[in-house]
Amino acid sequence: MQVGFRTGISFDMSRSNWDGTGHRPLVWTAWYPTDEASSAAIPAERSWFKKEPVVANATAVRSDQSLRLVLLSHGTGATAAALEWLGFRLAQRGFVALAVNHHGHTGSEPYRAEGFLCLWERAGDLTAILDDHSWQRELGVEIEEKASVAGFSAGAYTALLLMGARVAFSQFEPDNPVKSPIRGPREFPNLADELPKLNQNPVFQVAWERRRANFSDRRVEQAIAIAPGRSVLGFSRDSLRGIRKPTRIFAGDEDTVAPPSDCCGWLYENIPACKYEILSGGVGHYTFLPEGSEFGQEAAPELFVDRQGLERTAIHDYVAEQSVDFLQGKRQD
């Protein structure tokens, strides 16, 4: 089956952008099955990642049934392209995969401390894109009312918020009892120092004050959390125990950015309907990114170095296969 590919932009009319000059942007990317006869081609634009062959701007496959939707949420400072490996494979299996670049927290625009600090706003992005049907019209597709969600690193945090997790403390909140020597992620290493400077931004103030709100979405029925980051340690234990929807967690045995024993272990201990798997053989945090292009390997080589003998694409194939089984309700003990 050919994979269609389309990008677009929408806006969340209920929230402002971080500058307070307009509505919050929702730049989206979709991978989906198509039966168009057009030859697939690798996109020409420069990227850090190797690209898959897709049929750009194709119409979705003709079907008498609505297609199943999987929302995708990228990691810190990344873009939708960082989850192409999963979106592409899901589309090959008949799903529509839809990712949003999270405003202020994405490499598709200048980084904003507000976006890095207010991670809960990312969940609102996926709820807003579910509410907006314009992208469906552009794809020419009917979508089931229920959806699933998958996210990598900070995207796993986003996915769990949609499932019902609630914030007890921000990772960089001064009162957070979980102390960490880390002042920020690799993309924004002094992030904690930015928090006291942002009180003059009224958009930030509003976002910061709603950090303990309920961001769950009844339409999201299951979640896949891939290498969840340290931010999940700020979730309320009671809220995690209240998640009764199926949850699947994948981690790497050599993840030093978000050690499974800390992050995944905490989630598995507290989410009742949860299956947790640590992939072995030297799987690191960034193994869950696509393979690097020549440009990407020169720009950020640390993202694309795996243990000798580890095949990144084999890990992607396995996680995607297991994810499809999970999404189709094939639960394994």
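**Exercise 1. Phe-235 and its surroundings**

Is Phe-235 buried or exposed? Work it out in this predicted model, then place the residue in its core and name its ring partner.

*Solution.*

Step 1. Take the relative accessible area of Phe-235, which is 3%. The cut-off for buried is under 20%. Phe-235 is therefore buried.

Step 2. List the contacts, leaving out residues up to four places away in sequence. Phe-235 touches Tyr-157, Leu-160, Leu-161, Ala-165, Arg-166, Val-167, Ala-168, Leu-240, Trp-266 and Leu-267.

Step 3. Find the core. The largest nonpolar core has 68 residues. Phe-235 is among those with the most contacts inside it, along with Leu-69, Val-96, Trp-135 and Leu-267. Helix H5, residues 154-163, gives the most to this core: seven residues. Another core lies apart from it, with 41 residues, including Phe-5, Ala-82, Ala-227 and Val-319.

Step 4. Look at the rings. The structure holds nine aromatic pairs. In one of them, Tyr-157 and Phe-235 are stacked, at 4.7 Å centre to centre and 15° between the planes. Tyr-157 sits in helix H5, while Phe-235 sits in the loop between strand E7 (220-226) and helix H8 (237-241). The two are 78 residues apart, and the pair links these distant parts of the chain.

Step 5. Check the partner. Tyr-157 has 3% relative accessibility, so Tyr-157 counts as buried.

**Exercise 2. A second ring pair**

Classify the geometry of the pair Phe-49 and Phe-304, and say which parts of the chain the pair ties together.

*Solution.*

Step 1. Read the geometry. The centres are 6.0 Å apart and the planes stand at 75°. Planes over 60 degrees apart count as edge-to-face. Phe-49 and Phe-304 form an edge-to-face pair.

Step 2. Locate each ring. Phe-49 lies in the loop between strand E2 (23-34) and strand E3 (55-56). Phe-304 lies in the loop between helix H10 (294-299) and helix H11 (312-327). The pair therefore ties together parts that are 255 residues apart in sequence.

Step 3. Check burial. Phe-49 and Phe-304 are both buried.

Step 4. Look for a ring cluster elsewhere. Tyr-111, Phe-116 and Phe-188 are linked into a cluster by ring pairs.

**Exercise 3. Three salt bridges**

The structure holds 25 salt bridges. For Arg-89, Arg-219 and Arg-248, find the acidic partner, the distance and the burial of each side.

*Solution.*

Step 1. Start with Arg-89. Its side chain meets that of Asp-317 at 2.8 Å, N to O. Arg-89 is in helix H1 (residues 84-92) and Asp-317 in helix H11, 228 residues apart. Arg-89 has 12% relative accessibility and counts as buried. Asp-317, at 40%, is partly exposed.

Step 2. Go to Arg-219. Its partner is Asp-131, with the closest N and O atoms 2.9 Å apart. Arg-219 lies in the loop between helix H7 (202-209) and strand E7, and Asp-131 in helix H3 (residues 121-131), so the bridge ties together parts 88 residues apart in sequence. At 14% relative accessibility, Arg-219 counts as buried. Asp-131 is partly exposed, at 47%.

Step 3. Finish with Arg-248. Its side chain meets Glu-277 at 3.2 Å, N to O. Arg-248 is in strand E8 (residues 247-252) and Glu-277 in strand E9 (residues 274-279), 29 residues apart. Both Arg-248 and Glu-277 are buried.

Step 4. Add the network. Salt bridges link Asp-12, Arg-15, Arg-24, Glu-121, Asp-125 and Arg-210.

**Exercise 4. Ile-9 and Ser-153**

Place Ile-9 and Ser-153 in the fold, and sort each by accessibility.

*Solution.*

Step 1. Take Ile-9. It is found in strand E1. At 47% relative accessibility, Ile-9 counts as partly exposed.

Step 2. Find its patch. Ile-9, Phe-11, Met-13 and Val-27 form a nonpolar patch on the surface, with about 370 Å² of accessible area together. Strand E1 (residues 2-16) gives the most to the patch, with three residues.

Step 3. Take Ser-153. Its place is the loop between strand E6 (143-152) and helix H5. Ser-153 has 10% relative accessibility, so Ser-153 counts as buried.

Step 4. List what Ser-153 touches beyond four places in sequence: Gly-75, Ile-226, Ala-227, Pro-228, Gly-229 and His-285. One of these, Ala-227, also belongs to the core of 41 residues.

Conventions. Residues numbered from 1 in each chain as written. Predicted model: local features only at pLDDT ≥ 70, side-chain atom pairs only at ≥ 80, totals over all residues. Heavy atoms only, no water. Core = buried A, V, L, I, M, F, W, Y, C linked by side-chain atoms within 4.5 Å. Buried < 20%, exposed > 50% of the residue type's maximum accessible area, 1.4 Å probe, protein only. Helix = DSSP H or I, 4+ residues; strand = E, 2+ residues; numbered from the N terminus. Contact = heavy atoms within 4.5 Å. Patch = residues over 30% accessible without salt bridge, like charges linked within 9 Å, V, L, I, M, F, W, Y side chains within 5 Å. Areas by Shrake-Rupley, 256 points an atom, 1.4 Å probe, with all protein chains shown as cover. Salt bridge = Lys/Arg side-chain N within 4 Å of Asp/Glu carboxyl O. Phe/Tyr/Trp six-rings, centres within 6.5 Å; stacked < 30°, edge-to-face > 60°.
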